[in-house]
Amino acid sequence: MNTSILFQMVLFLASAVIIVPLSKRLGLGTVIGFLVAGGLIGPWGLRLVADVDEMLHLSELGVVLLLFIIGLELQPSRLWALRRRVFLLGSAQVFGTGVVLALGGHLLGLPITTAVIAGLVLSFSSTAFALQLLAERKQLTTHFGRMSFVILLFQDLVAIPLLAIVPLLADGTSIDQADGFAAVGIAIGVILAVVMGGRLLLRPALRFVAGTASQEIFTAAALLIVMGTALLLQFAGLSMALGAFLAGVLLADSEYRHELEADIEPFKGLLLGLFFMSVGMSLDLGLITNQPLTIVGLTLGLITVKAVLLYAIGRLSGQDNSSAVNMALAISQGGEFAFVVFAAAGAAGLMDTATVNQLVVVVSLSLVATPLLIFINDLVFHFGKTGGPAREFDRIEMSENRVIIAGFGRFGQIVARNLRIRKISFTALESSFEQVDFVRSLGNKIYFGDASRLDLLRAAKADKAEVFVLAIDDIAASIKTVEIVRQYFPHLKIYARARNRQHVYHLMDAGVEYIFRETFASSLEMADSVLQGLGISPQQAHETVRRFRAHDETILRKLHLVHHDEKQLIATEKQAAAQLEELFEHDANVAEGRDRTTANMP
């Protein structure tokens, strides 16, 4: 059998092209397709690929690139704002699950040290699996999607010291322990060096490369940053994925963020697929057939314990039942980090070979089971509620309209109707094809497309337009769109709809000047009517509402400056409410004094 690299590449691509579309057509998703494809050509299938370990190491680059893109989406200010949730929810999940699993392992006969290591490692979930599934299902921006990411982020942070501690738990000399502590110190030093050096060097380097106006060189620079940072942290004994994540976070505020994401995305998708196929190939079916009850029982026990505790954490953190269930299923599997730690524990003599092999198979089976459990959950509880099949975006006709409207729901349509009255041309973009079909049935012209995509904005001639109306309902999509518009079409005047105050703050952070809260004006109009209904004169009612609006707009600007600090935000809110009461109380006293003076006049 020809085992050349070219042959193996053709083999991987062919199996993926055939099996993954079939899996997606059946509703199982791409992850299951990659797993099945890997199992088919691996040592326990057709035996077309023998060196699974080499492929697994190569495919880890997919996880590295995934973490880089996730880092790009997390600006340091947003990461800092998440710190409490990261440590509160993450620690509750990791240590709560770790304790329960460690007790279970000890009751099953594992020594206490081995049980503790196994419990903590099995409490970790697969970042690559979970995030890929959530992204594929467009659930990363949901409440449970964000909470899942918070927990996964804490797991990645805890994994680093755990990997360093494993050798210290072995029966070694004091020199070995000293070496272990030295390794921890080196790791911390390298992280600090990457953070400081990245802030000083990365942006100037990218600015220099961008000056060449060569797309190929910019792509090469992007890959160099990701792999170079990952390699640096690997030399320090840390996770390559953490290095890539740090690089992404450091560039999250960069003007090149979207270009970096676009350049890395194709490599990330292909290498992640290779990673899932490698996991499928590494699944030891011989151990499953020899110990079926033990392996299946351990796998079900792992998933059940993690899912129950995750569900409880979800409910306690304010999620509804459906959201908590979705989070529990999304990250109830074991993680790829287990392969590394169990191997290190085996090498250190903390686990025997049989235990390591069993736990690796259990983790692999839990990865396979996750998409199936989500599929069953959708089938049983959400059948008919999800959207239909994917649909191609419309081809935008060559036109140079003065206005582009992103989001054509109730808000965008009202703006459009007023523009149409004045004979002002506009291009309407909507990402929901159900909404597009409905609006078209009423005789309106609208394009199905994602306004956050640079190619569609260019096709809509955003460079020739004058005004950009941002009326997208989804907050995350709204912020992403405005960032791209501000970066690539800075001449456009952006008029943005905001759903709530947090949305307003994000829009202000992005530099949007004209912001309209969707319920604010109608709420003021109702307040005016209520006051008049209570017997207050129309003039007094109008003046009350006018002064409240002016005060609220002023306070909103002040709150924007402190909205990342929860304590200061609450204090400013209370102070503003007190000032408002004092303002109207003063007006009432002045008016009362004026009435007395008028009454005493001869």
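**Exercise 1. A serine in helix α1**

Which backbone oxygen lies 3.0 Å from a polar atom of the side chain of Ser15? Work out also where Ser15 sits and whether it is buried or exposed.

*Solution.* The model used here is a predicted one.
- Step 1: begin with the position in the chain, where Ser15 is found within helix α1, which covers residues 5-25.
- Step 2: turn to the side chain, and the oxygen asked for proves to be that of the backbone of Phe12, which lies 3.0 Å from a polar atom of the Ser15 side chain.
- Step 3: consider accessibility, which for Ser15 is 8% in relative terms, and because buried means under 20%, Ser15 counts as buried.
- Step 4: look for the surroundings of Ser15, setting aside neighbours within four places in sequence, and the residues in contact with Ser15 are Val20, Ala37, Ile41 and Met277.

**Exercise 2. Salt bridges**

Find how many salt bridges there are in the model, and describe the pairs formed by Arg402 with Glu466, by Asp455 with Arg453 and by Asp473 with Arg497.

*Solution.*
- Step 1: the count comes to five salt bridges.
- Step 2: in one of them the side chains of Arg402 and Glu466 meet, with an N to O distance of 3.0 Å. Arg402 belongs to the loop between α17 (353-381) and β1 (403-406), while Glu466 belongs to the loop between α20 (454-459) and β4 (467-470), so this pair ties together parts that are 64 residues apart in sequence. Arg402 is partly exposed, with a relative accessible area of 41%, and Glu466 is likewise partly exposed, at 40%.
- Step 3: Asp455 forms a salt bridge with Arg453, and their closest N and O atoms are 2.7 Å apart. Asp455 has a relative accessible area of 41% and is partly exposed, and Arg453, at 35%, counts as partly exposed too.
- Step 4: the side chains of Asp473 and Arg497 meet at 3.1 Å, N to O. This pair links distant parts of the chain, since Asp473 is in the loop between β4 and α21 (475-488) and Arg497 is in strand β5 (residues 493-498), 24 residues apart.
- Step 5: the two partners can now be set side by side, for Asp473 is partly exposed at 39%, whereas Arg497 is buried at 4%.
- Step 6: Arg499 joins the picture as well, because Asp473, Arg497 and Arg499 are linked in a network of salt bridges.

**Exercise 3. The largest cavity**

State how many cavities of 30 Å³ or more there are, and then say which residues line the largest cavity and which element gives the most to its lining.

*Solution.*
- Step 1: there are two cavities of 30 Å³ or more, and the largest has a volume of about 60 Å³.
- Step 2: the lining of the largest cavity is made up of Leu134, Arg137, Gln139, Phe144, Asn326, Leu329, Ala330, Ile374 and Asn377.
- Step 3: the elements that give two or more residues to this lining are α15 (321-330) and α17, and α15 gives the most, with three residues.
- Step 4: sorted by character, the lining residues divide into five nonpolar, three polar and one charged.

**Exercise 4. An alanine in helix α12**

Decide whether Ala262 is buried or exposed, and give the distance in space between Ala262 and Thr219.

*Solution.*
- Step 1: Ala262 is located in helix α12, residues 257-282.
- Step 2: the relative accessibility of Ala262 is 51%, and since exposed means over 50%, Ala262 counts as exposed.
- Step 3: Ala262 and Thr219 are separated by 43 residues in sequence and by 9.2 Å in space, taken from C-alpha to C-alpha.

Key:
Residues are numbered from 1 along each chain as its sequence is written. This is a predicted model: local features need pLDDT of at least 70, side-chain atom pairs count only at pLDDT 80 or more; totals for chains, interfaces and linings use all residues. Side-chain values use heavy atoms; hydrogens and water are left out. Helices (H or I, at least four residues) and strands (E, at least two) are DSSP runs, numbered from the N terminus. Buried means under 20% relative accessible area, exposed over 50%, partly exposed in between (1.4 Å probe, protein chains only). A polar contact is a pair of N or O atoms within 3.5 Å; within protein, one must be able to donate a hydrogen and the other to accept it, and residues adjacent in sequence count only if both atoms are side-chain atoms. Contact means heavy atoms within 4.5 Å. A salt bridge is a side-chain nitrogen of Lys or Arg within 4 Å of a carboxyl oxygen of Asp or Glu. On a 1 Å grid over the protein atoms alone, a cavity is a set of points where a 1.4 Å probe fits but cannot get out, and a pocket is an open set with protein on both sides within 12 Å along at least five of seven lines; lining residues have an atom within 4 Å of a point. Grid points are joined across faces, edges and corners, and a volume is the space filled by probe spheres set on the points. Ala, Val, Leu, Ile, Met, Phe, Trp, Tyr, Cys and Pro count as nonpolar, Asp, Glu, Lys and Arg as charged, and the others, Gly among them, as polar.
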